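Q: I should like to take a close look at one part of the protein shown below. Please then relate that part to the rest of the model.

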Amino acid sequence: MIDVLIVGAGPTGTMLAAELQLHGVEVVVLEKRASATWRAGGLGLHVRSVEILDQRGLLDRFEAEATRFSVGGPLAAIPLPWPDDLETAHPYGLAIRQEKIERLLTDRALELGADLRRGVEVTGLDQDDDGVTVTLADGSSLRARYVVGADGGRSVVRAAVGVGFRGEPSTADTYLADVELTEDPTAVVAELRKTHLRFGVAPFEGGVSRVILPAATVSDGPQPTFEEFRDRLREFAGTDFGAHSPRGVSRFGTGDRLADAYRVGRVFLAGDAAHVHPPTGGQGLNLGLQDAVNLGWKLAAAVAGWAPEHLLDSYEAERRPVAEGVVVSCRAMVALLREDPQTAALRTLLTEVGQLPGVSAHLTGRIAATGVRYDLGSDDDRVGRRLPDVEVDSDRLYAHLHEGRGLLLDRTGLSVGAWSDRVDRLPDRSSMQHADRGSAPESLLLRPDGHVAWAGDDQRELEEHLARWFGA
Ligand SMILES: Cc1cc2nc3c(=O)[nH]c(=O)nc-3n(C[C@H](O)[C@H](O)[C@H](O)COP(=O)(O)OP(=O)(O)OC[C@H]3O[C@@H](n4cnc5c(N)ncnc54)[C@H](O)[C@@H]3O)c2cc1C
């Protein structure tokens with residue numbers, strides 16, 4: 001029996017496969033696309049995703065194919081200043097196209113030993129007490145201890161376990177096309193954007209430009225053809241800029257949906273299978289990566305047999321509220337892009353408010369996911385938040401998180417004792433030596449996802465939290 005079967009080799013599925021492989025879990029990923037293709041989707045990684053890549057030692061390979069951005073706050077055409085108080089060692093995003101992200105994550109999962117099977121479509125599943133039987137389009141089946149549906153917004157896995165997917169319907173649709181242009185669109189775009197903020201043309205490498213274009217109607221049907229997009233472009237802009245050689249054409253709406261549950265028995269949902277929302281603010285792919293990093297070590301613990309009772313359920317308890325928060329941000333951004341004088345006035349006011357201290361950091365932290373705090377039942381504000389990369393005895397903290405294990409950042413002479421097979425101890429001697437200079441230092445227990453599980457200086461308390469997160 002396969003340990004974990006992942007449906008979908010998008011960013012979420014491949015990141016999760018790599019996370020599970022770190023722990024020696026046997027992973028099979030099924031992907032219906034026969035080969036990796038251009039995807040008119042994500043264009044970048046926000047700060048928390050950049051941090052996660054660094055935590056796993058992957059940042060260099062991503063930076064080699066990306067460019068950094070740290071201009072403007074990403075909030076619905078409101079020119080927020082980039083905050084200088086984001087409390088991160090990585091105060092920038094990475095501009096990198098989705099298929100490059102997928103390729104780099106796929107390479108990583110394969111290097112670690114994942115079994116990726118392309119051209120394999122899942123059509124249904126059935127679970128019992130011992131495992132899950134997954135049915136494939138060719139009529140065959142596979143059996144796994146756990147299944148994760150990372151199969152996108154129209155998830156077959158979600159439908160098979162009968163989980164509802166509710167939210168707001170779209171009230172306005174937008175075409176998105178990655179195409180080559182023979183005419184310079186600059187003047188026409190500048191004129192139209194005075195009144196239509198949902199229209200734009202952004203060139204990127206290889207002579208390809210991304211055109212976003214308000215649709216005339218709302219539709220829940222199949223993805224549009226290039227001809228449909230081009231006709232609408234002519235109607236809207238009076239020209240098609242000589243658009244040709246489409247790499248990808250898609251359509252998205254202002255609507256959003258959240259899965260009623262992220263777990264049904266042995267089946268989990270992650271990424272777009274669990275949440276969809278407009279791409280405004282560029283958060284969807286990032287959210288999926290962060291789901292994967294939250295779920296990976298917990299599922300690995302269950303496979304290894306030491307997961308405490310609550311651990312698998314904590315995935316939904318922690319990640320669903322984060323997706324709810326993203327939906328709130330997206331709805332606000334959609335509203336701020338409305339093309340009426342009242343909304344323009346609101347944008348003007350928010351532009352002013354955005355200059356006040358702390359406002360840009362708060363809003364950017366919301367989009368960049370650095371503001372996420374899981375409710376772990378502690379009054380200590382550090383607990384539940386991710387720890388930024390910090391210097392530890394002239395080394396970097398994140399360099400010690402590459403293996404995806406727990407970590408005790410020990411500033412008070414504590415021990416991980418019998419948990420040393422799951423949790424590393426990193427003494428922070430400089431903090432110990434400087435204890436007399438300010439408030440007493442406290443040790444921090446980090447989970448494999450980099451979030452703080454406990455802060456304190458008491459060995460017995462530490463052991464209670466080690467048992468809570470890493471088993472008895
Ligand atoms: C126009 C647009 C712009 C966007 N811009 C951004 C951005 O800038 N930043 C950002 O963070 N996000 C952005 N997003 C969102 C981002 O593209 C998605 O959130 C992301 O692709 C979700 O990743 P995923 O792995 O969860 O799902 P998907 O990428 O949808 O991957 C699911 C995979 O499952 C496979 N699959 C589906 N069904 C089956 C089946 N039955 N059997 C086997 N395989 C199956 C699919 O072929 C696919 O490869 C954008 C989206 C759009 C549409």
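Between which two strands is the loop that holds G265?

A: The model is a predicted one. In it, G265 lies in the loop that runs between β18, residues 263-264, and β19, residues 267-269. With a relative accessibility of 39%, G265 counts as partly exposed, because this class covers values that are neither under 20% nor over 50%. The C-alpha atom of G265 is 9.7 Å from that of V147, although 118 residues separate the two along the chain.

The domains give this loop its wider setting. The domain assignment divides the protein into domain 1 (2-167 + 257-368), domain 2 (173-253) and domain 3 (391-470). Domain 1 is thus written as two stretches of the chain, and the numbers of G265 and V147 fall within these stretches. The C-alpha centres of domain 2 and domain 3 are 51 Å apart.

A second loop may be set beside the one that holds G265. A9 is found in the loop between β1 (2-7) and α1. This residue is buried, because its relative accessibility is 1%, which is under 20%. Along the chain, A9 and V29 are 20 residues apart, and their C-alpha atoms are separated by 6.5 Å.

The helix that follows A9's loop leads to the ligand. α1 (11-21), β2 (27-31) and α8 (284-304) each supply at least two residues of the shell around the ligand. Of the elements, α8 gives the most to this shell, with 3 residues. In total 33 residues surround the ligand, and the closest are T12, E31, Q98, D272 and L285. By character, the shell divides into 13 nonpolar, 13 polar and 7 charged residues.

Several polar atoms of the protein can be placed against the ligand. A polar backbone atom of P11 is 3.2 Å from an oxygen atom of the ligand. An oxygen atom of the ligand also lies 2.9 Å from a polar side-chain atom of R33. For G282, a polar backbone atom is 3.1 Å from a nitrogen atom of the ligand. The ligand taken alone exposes 990 Å², of which the protein buries 88%.

The nonpolar interior brings α8 back into view. The largest nonpolar core has 107 residues, and I6, L45 and F62 touch the most other members. The largest share of this core comes from α8, with 12 residues. Domain 1 and domain 3 each give at least three residues to this core.

Two further residues carry side-chain contacts. R319 is found in helix α9, residues 311-336. Its relative accessible area is 1%, so R319 is buried. The side chain of R319 reaches the backbone oxygen of L287 at 3.4 Å.

D173 is found in strand β13, residues 173-180. At 2% relative accessibility, D173 counts as buried, whereas G265 counts as partly exposed. The side chains of D173 and S170 are joined by a polar contact of 2.7 Å. The side chain of D173 also reaches the backbone nitrogen of S219, at 2.9 Å.

Technical notes. Residues numbered from 1 in each chain as written. Predicted model: local features only at pLDDT ≥ 70, side-chain atom pairs only at ≥ 80, totals over all residues. Heavy atoms only, no water. Near = heavy atom within 4 Å. Polar contact = N/O pair within 3.5 Å; in protein donor to acceptor, adjacent residues only side chain to side chain. Areas by Shrake-Rupley, 256 points an atom, 1.4 Å probe, with all protein chains shown as cover. Helix = DSSP H or I, 4+ residues; strand = E, 2+ residues; numbered from the N terminus. Nonpolar A, V, L, I, M, F, W, Y, C, P; charged D, E, K, R; others polar. Core = buried A, V, L, I, M, F, W, Y, C linked by side-chain atoms within 4.5 Å. Buried < 20%, exposed > 50% of the residue type's maximum accessible area, 1.4 Å probe, protein only. Domains from an automatic or database assignment.
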